[in-house]
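Here is a short briefing on the empty spaces and the ligand surroundings of one protein chain, written for a reader who is meeting such a model early in their studies. Please keep the sequence and the structure in view while reading.

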Amino acid sequence: MTIRYDNRVAVVTGAGNGLGRSHALLLASRGAKVVVNDLGGSVEGRGGSHSAADAVVAEIKAAGGQAVANYDSVTTPEGGKAIIQTGYDAFGRVDILINNAGNNIQNSFRKMTVEEFTAVVDVHLMGAVYCTRAAWQGMLDQQYGRVVMTTSAAGLFGGHGLGNYAAAKIALVGLMNTLKLEGRNRNITVNCIAPMATTRMSTEAMDDKTGPLLQPEFVSAVVGLLCAEEHTGTGDIISAGAGYYSKIGIIEGAGVCFGADQAPAPEAIAGRWAEICDLSQAQPFDDAFGSVAYSMRKVLRGLKDAKG
Ligand code: NAI
């Protein structure tokens, strides 16, 4: 299988630097027509210039590819619409959307202002919402779409000083889990990547040993697969960096049923805490109903057993 994106139009948000730039270059090198969106601001998301997006467009064109720049911020519904419209205006359609734009304002939760919190949620979560919303109807109509969300280990596992960022990043998983269902019958896949890459945003967090290994191209390789027509997997969270690729899952343990006739005392729950937290027989579910049905089957079986 040779993956190509000929006749496909890709929108990559925040593509003026780091990971987004690398995704855009890969897609363009394999035939995609690319909208290179970037506000051109600082890591905190302030300021703005055209130079970041323009430089990546120039790079793609110099290599013989097709690209157009867009400088809107992802943080408003109008911005999201304008970014997607750029794809329609320049190339007539939008097939691939990589929600990559990101900022970072770190502070302990105690010190973090509401403005610092919302400034990050607005880019990571609402930016993905506005852009995906703007692209979604077109994808439904054409019965084709490949959407990639950029989550983060910080959102999936936590990180000091990253309350705003982590909250936004895990929320993207919830969005993906619903959109994978709503897009499934229309050949629209929605997946998440949790990247590890040395970029201007992450430089401070990198050490001398692994920092040089974490080149963005390693992350773009799996993004390239998730955007491929041939790849129909949806709803996956893939950790990627420096040649390492791994699925991260949300799973539910086998659980403990105390019986549904009366609520157990907290002390009774404490007595079986280790069993409740045991994930050795854990499993994933395709949707919320799967999880609820699983636990309720156990509850009903327990009632039946109790009656003899
Ligand atoms: P970066 O700072 O190099 O690139 C982010 C780009 O997004 C910048 O070019 C910036 O101008 C653009 N941007 C920021 N706010 C924007 C807005 N409102 N509208 C449009 N563009 C905007 O950082 P990096 O590392 O390439 O980050 C890309 C994505 O990967 C982000 O979502 C980040 O949170 C995520 N990520 C990165 C990790 C890493 O190890 N580098 C780890 C986990 C997640």
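**Pocket, cavity and ligand in a predicted model**

The second largest pocket holds about 480 Å³ of space, and 24 residues line this pocket. The model described here is a predicted one, and the points below take up this pocket, then the largest cavity, then the ligand, and finally the chain as a whole.

**The second largest pocket**

- Of the 24 residues that line the second largest pocket, those nearest its centre are Asn177, Lys180, Ile250, Phe285 and Asp286.
- Two or more residues of this lining come from each of H6, strand S8 (244-248) and helix H10 (288-307), and the largest share, six residues, is supplied by H6.
- Sorted by class, the lining of the second largest pocket consists of ten nonpolar, seven polar and seven charged residues.

**The largest cavity**

- When the whole structure is searched for cavities of 30 Å³ or more, one is found, and the volume of the largest cavity is about 60 Å³.
- The residues that line the largest cavity include Thr13, Val74, Asn99, Asn100 and Ala101, and also Val123, His124, Gly127 and Ala128; Thr150, Lys169 and Leu172 belong to this lining as well.
- Helix H4 (114-142) and helix H6 (163-183) each contribute at least two residues to the lining of the largest cavity, and H4 gives the most, with four residues.
- In terms of class, five residues of the lining of the largest cavity are nonpolar, six are polar and one is charged.

**The ligand and its surroundings**

- The ligand is surrounded by 30 residues, and the closest of these are Asp38, Asn100, Tyr165, Thr199 and Arg200.
- Asn100 therefore deserves a second look in the picture, since Asn100 is listed among the residues that line the largest cavity and also among those closest to the ligand.- Three backbone contacts can be followed with oxygen and nitrogen atoms of the ligand: a polar backbone atom of Leu19 is 2.8 Å from a ligand oxygen atom, a backbone N or O atom of Ala197 lies 3.0 Å from a ligand oxygen atom, and a backbone N or O atom of Leu39 lies 3.5 Å from a ligand nitrogen atom.
- The ligand taken alone exposes 820 Å², and 97% of that is buried by the protein.
- Helix H1 (18-29), H4 and H6 are the elements that give two or more residues to the shell around the ligand.
- The residues of this shell divide by class into ten nonpolar, 16 polar and four charged.

**The chain as a whole**

- The secondary structure of the chain comprises ten helices and eight strands.
- The chain has a radius of gyration of 22 Å, which is close to the 19 Å that the globule rule gives for 308 residues, so the chain is as compact as a globular protein of that length.
- Along its principal axes, the C-alpha trace of the chain spans about 75 × 45 × 40 Å.

Terms used
Residues numbered from 1 in each chain as written. Predicted model: local features only at pLDDT ≥ 70, side-chain atom pairs only at ≥ 80, totals over all residues. Heavy atoms only, no water. 1 Å grid on protein atoms, 1.4 Å probe; cavity = no way out; pocket = protein on both sides within 12 Å on 5 of 7 lines; lining within 4 Å. Points joined across faces, edges and corners; volume = space filled by probe spheres on them. Nonpolar A, V, L, I, M, F, W, Y, C, P; charged D, E, K, R; others polar. Near = heavy atom within 4 Å. Polar contact = N/O pair within 3.5 Å; in protein donor to acceptor, adjacent residues only side chain to side chain. Areas by Shrake-Rupley, 256 points an atom, 1.4 Å probe, with all protein chains shown as cover. Rg over C-alpha atoms; globule rule 2.2 N^0.38 Å.
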